[in-house]
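Biologist: I am new to this structure and would like a close look at a single part of it, the largest nonpolar core and the buried residues around it. Please take me through it slowly and explain each term as it comes up.

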Amino acid sequence: GRSGSPCVSPCASERGETDMLCTKLPTWNEEFKCLVLDFEGRTVTASPQNFQLSSPEDPDELVCQYGRIGPNTFSLDFKQPLSVIQAFGVSLSTIFLS
């Protein structure tokens with residue numbers, strides 16, 4: 001994977017090819033004195049389960065984002081090349097993180 005952007009397992013596209021997705025790493029926020037991810041206007045509660053995935057070719061274009069929006073509520077946004085099952089499966093992989 002790219003330095004500074006750990007990549008996750010490839011996902012198969014409809015064409016039978018595989019696509020590599022990378023975890024978008026948080027950046028330091030001087031105002032809050034902590035690492036943050038930009039969820040672009042969505043109100044997200046800090047959680048180790050929050051993540052964003054992008055293509056290694058275009059790290060600014062999000063393919064999937066998952067974030068805590070309440071005590072027991074999460075938001076999952078995704079688009080191609082991920083299917084509903086793939087996005088849900090990746091989100092479930094964070095269930096034991098605390």
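Modeller: What follows starts with the whole chain and then turns to the core and three buried polar residues.

This is a predicted model, in which local features need pLDDT of at least 70 and side-chain atom pairs count only at pLDDT 80 or more, whereas totals for chains, interfaces and linings use all residues. Residues are numbered from 1 along each chain as its sequence is written, and side-chain values use heavy atoms, with hydrogens and water left out.

The chain has 7 strands and 1 helix, and from the N terminus on these elements run β-β-β-β-β-β-β-α; helices (H or I, at least four residues) and strands (E, at least two) are DSSP runs, numbered from the N terminus. Of the 98 residues in the chain, 30% are buried, where buried means under 20% relative accessible area, exposed over 50%, and partly exposed in between, with a 1.4 Å probe and protein chains only. Among the contacts in the chain with a separation of 6 or more, 35% are between residues 24 or more positions apart, a contact being heavy atoms within 4.5 Å.

The largest nonpolar core consists of 8 residues, namely Leu21, Phe51, Leu53, Val63, Cys64, Tyr66, Leu82 and Ala87. The elements that give two or more residues to this core are β5 and β6 (58-70), and the largest share, 3 residues, comes from β6. A nonpolar core is a set of buried Ala, Val, Leu, Ile, Met, Phe, Trp, Tyr and Cys residues joined through side-chain atoms within 4.5 Å. In soluble globular proteins, nonpolar side chains tend to be buried together. Cys64, one of the core residues, is in contact with Phe51, Gln52, Leu53, Leu76, Asp77, Phe78 and Leu82, once its neighbours within four places in sequence are left aside.

Three polar residues can be followed from here. Serine 91 lies in helix α1 (residues 84-92) and counts as buried because its relative accessible area is 4%. Not counting residues up to four places away in sequence, serine 91 touches Phe51, Tyr66 and Leu76, and Phe51 and Tyr66 are listed in the core.

Serine 75 is found in strand β7 (residues 73-78), and the C-alpha atoms of serine 91 and serine 75, which are 16 residues apart along the chain, are separated by 9.6 Å. Serine 75 also counts as buried, because its relative accessible area is 9%. With neighbours within four places in sequence left aside, serine 75 is in contact with Arg42, Gln65, Tyr66, Gly67 and Ile69. The side chains of serine 75 and arginine 42 make a polar contact of 2.7 Å; a polar contact is a pair of N or O atoms within 3.5 Å, of which, within protein, one must be able to donate a hydrogen and the other to accept it, while residues adjacent in sequence count only if both atoms are side-chain atoms.

Glutamine 49 lies in the loop between β4 and β5, and counts as buried because its relative accessibility is 7%. Its side chain is joined to that of arginine 68 by a polar contact of 3.0 Å. Leaving aside neighbours within four places in sequence, glutamine 49 is in contact with Tyr66, Arg68, Phe74, Thr94, Ile95 and Leu97. Tyr66 of the core is therefore a residue to look for beside each of the three, since contact means heavy atoms within 4.5 Å and Tyr66 appears among the contacts of glutamine 49, of serine 75 and of serine 91.
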